[in-house]
Protein chains: 2
Amino acid sequence: MSGAPEPGYDPYAFEPFAVTVDLAVFTVRGGALHVLLIRRGQEPYAGAWALPGGFVLPRESAETAARRELAEETGLPEQVVADLHLEQLRTYSEPDRDPRMRVVSVAFTALVPDLPEPAAEGGGDAAQARWLPLGQAPDLAFDHAAILADARIRIRSKLEYTCLATAFCPPEFTLGELLAVYETVWDTVLDRPNFRRKVLTTPGFVEAVPGAARLTGGRGKPAALYRAGPATALHPPLLRPEGPTR
Amino acid sequence: MSGAPEPGYDPYAFEPFAVTVDLAVFTVRGGALHVLLIRRGQEPYAGAWALPGGFVLPRESAETAARRELAEETGLPEQVVADLHLEQLRTYSEPDRDPRMRVVSVAFTALVPDLPEPAAEGGGDAAQARWLPLGQAPDLAFDHAAILADARIRIRSKLEYTCLATAFCPPEFTLGELLAVYETVWDTVLDRPNFRRKVLTTPGFVEAVPGAARLTGGRGKPAALYRAGPATALHPPLLRPEGPTR
DNA sequence: ACAAAAGTGTTGCTTCTACACCCATGA
DNA sequence: TCATGGGTGTAGAAGCAACACTTTTGT
């Protein structure tokens, strides 16, 4: 930024802006990508579904506000919210995106493992918080449908060149579970042996948990367990097939 | 966002936020990456260099404000500003990033071809606008050094998997010029024949201008001319070498 | 003739893809 | 013993890196 408002630095010289945060929090559950939504308890859009979020307080950064609102509005466990990897998506600033007043919203994306349904009784304004599958997402308040669409595009391409997919998995996971994350988010079918090799030969993507194994589908050979490794980028990337394979 | 301020919708109920935009506009000139900076004419940081930018007006989106401020503060040609590809970098919202008041800033990145020095006399608050090489960038006002660093990281990786490099080139360019863009931004040396093949075999990256050729260094064989093609993504990507080759 | 820059060809290596096949477990 | 999911092997194709070599211009 640069330059001051012409009359000087009077903070009240302009029509004020409100600054909010919105969160697109995703998880993979039962072969479908789900997003965490709340049902609004107040006007405008009372009763409609919306992304969790809310106003940034005077002494907060957007990141801090995002974490606070997520904890308040959804029943996500304390620890999950604290450790969450939040990533800025972009900022939405169209003048009429909120009917009340001028509201600029900083949108974030986050990925979490499949968790139990959040406590139905969130605090704050949210009457209800639920995971809903993207395929049958209801109409959303404000411009949240657009934000959600942008967030989905972002995470789809992020899986290609980052190690973020492990964020969808519990602390210890099988390669089959990791594969399912990719297949679900990309809506494709990947070759299991090749996927396996790619993941294991990328240094730092995953680390084996020695000796550990787990049965997944009830049947079949128990699968070895892995933890997320220290790597964050995927070089070279894991490209998704172009044609819709599914 | 969701939920209203507790007392209702009174826009003045909270300490107001100001919303600004900041722009990191890059060009490649003489083998060095340059950024467009202005010298501030007012307090705070009067006399210091800063990224161009300014306040978002009540009826503007951040994108509109960015374009307007860029036109006002720097002498960039009308047409260049209108056609510019602006991309949001991220939003900076630390509470004390501006000493005057609470200011949240939406940062943008843009790439332009090597242009003549902007008119020294920008309008608005900017006393002066200049291209400065990144290597010898001065201290910047506010948190602009951090924004600039983030922007640089972003464009470096964007060259890998998008066709954005052509935005640094004039409408018609040689492959040698495009190569120079990559080598400058990445600070590496690339193999010319391999680079050439990669660019030409990526559908839609560049289009040949039939029959056209241009002498570049004064000497040597005239180079064929190309235009930017319709493609925007680079699949598969053009990965930069890891070790600092230069 | 020489230097400089553009452009072509070739070879070997690495990576990816497709698919066949074996292993461990529950029903 | 069969179905199911985990895991290994391999041959062909594709892509990439390195480098030798040809072409066209100005001096």
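**Figure 1. Sugar, phosphate and bases: what DNA strand C shows the protein.** Take the atoms of DNA strand C that lie within 4 Å of the protein: 61% of them belong to sugar or phosphate, and the rest belong to bases. Keep in mind that this is a predicted model. In all, 22 residues surround the strand, and the closest are A:N194, A:G218, B:R192, B:R196 and B:A224. Sorted by class, that surface has ten charged, six polar and six nonpolar residues.

**Figure 2. Zooming in on who sits next to DNA strand C.** Which elements each supply at least two residues of the surface near the strand? They are α5 (192-201) of chain A, plus α5 (192-201) and β9 (223-228) of chain B. Now for some single contacts. In B:A224 the backbone does the job, with a polar backbone atom 2.8 Å from a phosphate oxygen of the strand. A:K198 uses its side chain instead, placing a polar atom 3.2 Å from a phosphate oxygen. For B:T216, an N or O atom of the side chain is 3.5 Å from a sugar or linking oxygen of DNA strand C.

**Figure 3. A:S93 meets chain B.** Look for A:S93 in the loop between β5 (87-92) and β6 (103-111) of chain A. Is this serine buried or exposed? A:S93 is buried, because its relative accessible area is 4%, and the cut-off for buried is under 20%. Leaving aside residues up to four places away in sequence, A:S93 touches A:R102 and A:V104 in its own chain, and B:E60, B:S61, B:A62 and B:E63 across in chain B. One of these partners comes with a polar contact: a polar side-chain atom of A:S93 lies 2.8 Å from the backbone nitrogen of B:A62.

**Figure 4. Helix α1 of chain B, checked with a ruler.** B:A62 is also one of the buried residues of α1(B), along with B:A65, B:A66, B:R68, B:E69, B:L70 and B:E73. Helix α1 (residues 62-73) has twelve residues, so at 1.5 Å a residue it should span 16 Å, and its end C-alpha atoms are indeed 16 Å apart.

**Figure 5. Strand β2 of chain B and its two neighbours.** Seven of the nine residues of β2 (residues 32-40) are buried, so the strand is largely enclosed by the rest of the structure. On one side, β1 (residues 18-29) pairs with β2(B) in the antiparallel sense over four bridges, and B:T27 has B:H34 as its bridge partner. Two residues sit between these strands in the hairpin, where B:G30 takes a positive phi near 55 degrees. Strand β3 (residues 49-50) also runs antiparallel to β2(B), joined by two bridges; here B:R39 is partnered with B:W49.

Note on methods
Residues numbered from 1 in each chain as written. Chains lettered and ligands numbered in written order. Predicted model: local features only at pLDDT ≥ 70, side-chain atom pairs only at ≥ 80, totals over all residues. Heavy atoms only, no water. Near = heavy atom within 4 Å. Polar contact = N/O pair within 3.5 Å; in protein donor to acceptor, adjacent residues only side chain to side chain. Nonpolar A, V, L, I, M, F, W, Y, C, P; charged D, E, K, R; others polar. Expected span 1.5 Å × (residues − 1). Buried < 20%, exposed > 50% of the residue type's maximum accessible area, 1.4 Å probe, protein only. Contact = heavy atoms within 4.5 Å. Pairing = 2+ DSSP bridges.
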